[in-house]
Amino acid sequence: MRLNKWINPNFLQSISTQLNAKNQPSVKTEQSIKLSVITQFFPPDYAATGQLIEELVKQLRLQGVDIEVFTSQPGYAFSAHAAPAVEWADQIRIQRSRTAQLWPGRIRGKAVNGVLYTLRATLYLLKAWRRNNVLLLTTAPPFLPVIGYLAYILFRLPYVCILYDLYPDIAIALGVIPKRNWLVRLWRAINRQVWLKAKAIIVLSPAMKQKVIAHCPEVADKISVIHSWANPEAIMPIAKQENWFAWKHNLVNKFTVLYSGNMGRCHDIDTMLEAAKQLKDEPIQFVCIGGGAKRDELIIKVDRLGLNNFTFLPYQDQQVLPYSLTACDLSLVSVDATTEGLVVPSKLYSALASGRPIAVICSETSYLRELMAEANCGGTFDNGDAQGLAQFIRFLNRDPQVGEQMGIAGRQYLRSHFTPKIISQQYLDVLQQAIFADVVIAMSKSHRK
């Protein structure tokens, strides 16, 4: 991380020596981190963001980090409508605000609910900032990192931003806001200030890093690309013949293509539908598990076309995922071409863990193509290439051994690159650097006086 040019290198060396002396507690030890994680979604909410954060904080706690989470009551996808307002789980303090349920399926409703949560998070921080020495904030909701900026201005509390999605770029790409709208200019100006004051910025792909740099070149040296992950110990390959979920939904004797997760505006659902039309007379079943803005649209189109090769199921409880994710012969991941580089499909990593081959629908320039080629775990297809996708499905249906080898390769790739232990260490390094840099600057100012 770049420090101010006026700091003398010899002074930096002396500080580093002092901080790491045997008789002094090191600021770079895990025990020194008192972390507050602020994110709207957290289990028992099924949102992928919340499940990832839950796994991350558990891993960080195992490494000695003191953690408290401020989140909301379930409000995205859930079976339990309420969770304890305050609870301790795995030595992690979890505090939940009330949640709003105003038009949860609509963009405006989600925006209002996000604003209300952000206001409550601000009130939480005004009371809790003394207990922590670093904040970790997500873009769930998109404007949440503003709280980090305020905390730094008011209390000099360092913060790290995780950019799960890049706004307002997504809203522009989806046609929600015109590119030259005043709100876009304001949003980007706020983003710029938030990013400049952040001690670190975490993005999920190299393409997203380049998008951020294009908007704010000054933060290039503080951006870390850290991928999402999945736990290969929790999600393990299960043969369909031994999988109760596959039996329950009559999938054992059919080649099954699984789309599991959000079917939102940023995902390409049409290419899957067109491939299913071409395969309607073959023993192939498409299973869509989850929700999202495009789910109801897809159901209407399937009914209108009279397709019998689709099964729609709701989000599944976390304990069911090891069975639902492996009740297939091919996992499907998609990103709409208009949002390339703005979002990253977290479902890819759980698909890798499942030990099944993967088909990815994405643009020609997507980073997913390189990842899939390195993992050697399936195929990639241009947006709109339904014929290519259908041919790939037929090929795997005819030769299941090839699919089995792809699944094994994908799981091995995950274990080498994207496990909770590997990824949490990368997060820990970023958090340590954020605190260390802040301490060095503070001590250098004191030294000058």
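Glu87 is partly exposed, with 25% of relative accessible area, and in this predicted model the residue takes part in a salt bridge with Arg96, where the closest N and O atoms are 2.8 Å apart. The partner sits in other surroundings, for Arg96 has a relative accessible area of 6% and therefore falls under the 20% limit for a buried residue. In general, side chains of opposite charge can pair when their charged atoms come close.

From this pair the view can widen to the chain. The protein chain holds 16 helices and 14 strands, and buried residues make up 53% of its 449 residues. Among the contacts in the protein chain with a separation of 6 or more, 72% are between residues 24 or more positions apart. The chain exposes about 20500 Å², of which carbon and sulfur atoms supply 52%.

An open sheet of 8 strands follows the order E3-E4-E2-E1-E5-E6-E7-E8, and its pairing is mixed. The edges are taken by strand E3 (86–89) and strand E8 (223–225), each of which pairs on one side only. From one strand to the next, the twist averages 20°. Within the sheet, strand E1 (residues 34–38) and strand E2 (residues 66–72) run parallel and are joined by 5 bridges, with Leu35 standing opposite Ile67 in E2.

Helices lie against this sheet. Helix H2 (residues 48–62) lies across E1, E2, strand E4 (92–97), strand E5 (134–138) and strand E6 (159–163), and runs at about 165° to E2. Helix H7 (residues 206–215) also packs on the sheet, where it touches E6, strand E7 (200–203) and E8, its direction making about 165° with that of E8.

Which residues form a nonpolar patch on the surface? The patch consists of Leu123, Leu126, Leu150, Ile153 and Leu154, which together have about 460 Å² of accessible area. The elements giving two or more residues to the patch are helix H3 (107–128) and helix H4 (146–155), and H4 gives the most, with 3 residues. Leu150 has its place in helix H4; its relative accessibility is 37%, so Leu150 counts as partly exposed, a class that lies between the limits of 20% and 50%.

The salt bridges, with which this account began, come to 12 in count. Another of them joins Asp169 and Arg188, with the closest N and O atoms 3.3 Å apart. This pair links distant parts of the chain, since Asp169 is in helix H5 (residues 169–173) and Arg188 in helix H6 (residues 182–197), 19 residues apart. Asp169 counts as buried because its relative accessibility is 11%, whereas Arg188, at 29%, counts as partly exposed.

A further salt bridge is formed where the side chains of Arg369 and Asp382 meet, at 2.5 Å from N to O. Arg369 lies in helix H13 (residues 367–375) and Asp382 in strand E14 (residues 378–382), so this pair ties together parts that are 13 residues apart in sequence. Asp382 has a relative accessibility of 30% and therefore counts as partly exposed. Salt bridges also link Glu54, Lys58 and Asp90 in a network.

Note on methods
Residues numbered from 1 in each chain as written. Predicted model: local features only at pLDDT ≥ 70, side-chain atom pairs only at ≥ 80, totals over all residues. Heavy atoms only, no water. Pairing = 2+ DSSP bridges. Helix = DSSP H or I, 4+ residues; strand = E, 2+ residues; numbered from the N terminus. Axes fitted to C-alpha atoms, helices over the stretch in contact; angles between N-to-C directions. Contact = heavy atoms within 4.5 Å. Patch = residues over 30% accessible without salt bridge, like charges linked within 9 Å, V, L, I, M, F, W, Y side chains within 5 Å. Areas by Shrake-Rupley, 256 points an atom, 1.4 Å probe, with all protein chains shown as cover. Salt bridge = Lys/Arg side-chain N within 4 Å of Asp/Glu carboxyl O. Buried < 20%, exposed > 50% of the residue type's maximum accessible area, 1.4 Å probe, protein only.
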